[in-house]
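Reader: I should like to discuss the architecture of this model. Please show the sequence and the structure before we begin.

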Amino acid sequence: MRKPLTRRFILLSALLVFLTTSGALCGGEVLPPPKAFTLTIWRSEDSAEDFVDLTGAYSALYPHVSFDVRTFTPEEYEDELFRAWSKGEGPDIFSVPNWRLGKFKEFISPMPQFAELRSAHVEKKWGKQRLIVEPRTTIFPTVSQLKDRFVDVVAADVTTDNVIYGLPLSLDTLGLYYNRDLMARAQVAVPPTTWEEFRNAVQAMVVRDDQKNIVQPAAAIGTAQNIPYFVDIVSLLMLQNGAVMATPQGNPTFAAEVGDRIPGVEALDFYFKFSSPTWVTYTWNEDQLDALEAFTQGNLGFYFGYYSDLETIKNRAPNLN
């Protein structure tokens, strides 16, 4: 009776040794450890330090994955992307503004429904080490989940034919930058929070000579060429005035009637009155500098921009109030 028992004990011991030295089992199969590799990430308008927490958390879960994050200036970013792709050396992950996604779609792999991944770590037990390899199935978001988790525009921007081509890293909204010194000079106590307050502040702050030439502009609004985000400002005015910008199929309707009004035309009229010499809100024209340049020089009261402009403003005008 002892020999079979001894034989079983020896076989069991051999099996334990095999498991200890060869990794974990999944359904009776020994999983090989994942190979180490590096993912390249390309971005513009920020720094590699902004991704330390994000990439660190991922590498903690998958130690065999490391990251190489490169950032570029907005002026060189697109050229560098196309140059790298032409050599077959493009990044694994890259970011572009939502309105530029269509230009890059041919270089993007659509998101799969799921991915089979493996994670490995060393476990110490009884003075010995063994490699534990664990399978992980990651289920990626669906289009309907995008609509539930993010603002509506995200799903509209990153999907085509019910396929997802990207996920949002951040949402930058249009805001109003204001020069406190110019406001104080015109005795405007607080920055405007409504369009009516904005119009009154413009009238108080603009300086014109006897021939109605603009000496000191109050706000960059009313033209196209020298305002970086004029389309965004006009679109915002149209939306806030009740215009329906497009059909669900993407056909433009911003000039359509809504009841007995045409909200899109009303918004456009409001916008252009700030560049019309015949109106009391006249404060800007095509002879002015680029709006961001004028603001950083301290010669503009109000500038419509995004959070991404803040670093540029600080760099160009560190003492601007």
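The exchange below takes up the sheet, the hairpin, one threonine and the nonpolar cores.

Reader: On what terms should the values be read?

Author: This is a predicted model, in which local features need pLDDT of at least 70, side-chain atom pairs count only at pLDDT 80 or more, and totals for chains, interfaces and linings use all residues. Side-chain values use heavy atoms, with hydrogens and water left out, and residues are numbered from 1 along each chain as its sequence is written.

Reader: Which strands stand at the edges of the open sheet?

Author: Helices (H or I, at least four residues) and strands (E, at least two) are DSSP runs, numbered from the N terminus, and two strands pair if DSSP finds at least two bridges between them. Three strands form the open sheet in the order β4-β3-β5, with parallel pairing. Two of them have a single partner strand each, so one side of each is left without a neighbour in the sheet; these are β4 (65-72) and β5 (93-94).

Reader: Which residue in β5 is the bridge partner of Trp-42?

Author: Strand β3 (residues 37-44) pairs with β5 in the parallel sense over two bridges. The partner of Trp-42 in β5 is Phe-94.

Reader: What angle does the direction of helix α3 make with that of β3?

Author: Helix α3 (residues 74-86) packs on the sheet and touches β3, β4 and β5, contact meaning heavy atoms within 4.5 Å. Axes are lines fitted to C-alpha atoms, for helices over the stretch in contact, and angles run from 0 to 180 degrees between N-to-C directions. For α3 and β3 the angle is about 140°.

Reader: What is the phi of Trp-126 in the hairpin turn?

Author: Strands β6 (residues 114-125) and β7 (residues 128-139) pair in the antiparallel sense over twelve bridges. They form a hairpin with two residues between them, and Trp-126 in the turn has a positive phi of about 55°.

Reader: Is Thr-159 buried or exposed?

Author: Thr-159 is found in strand β8 (residues 159-160). Leaving aside neighbours within four places in sequence, Thr-159 is in contact with Val-143, Leu-146 and Ile-164. Buried means under 20% relative accessible area, exposed over 50%, partly exposed in between (1.4 Å probe, protein chains only). Because its relative accessible area is 18%, Thr-159 is buried.

Reader: Which residues touch the most other members of the largest nonpolar core?

Author: A nonpolar core is a set of buried Ala, Val, Leu, Ile, Met, Phe, Trp, Tyr and Cys residues joined through side-chain atoms within 4.5 Å. Of the 35 residues in the largest one, those that touch the most other members are Phe-198, Phe-302 and Tyr-303.
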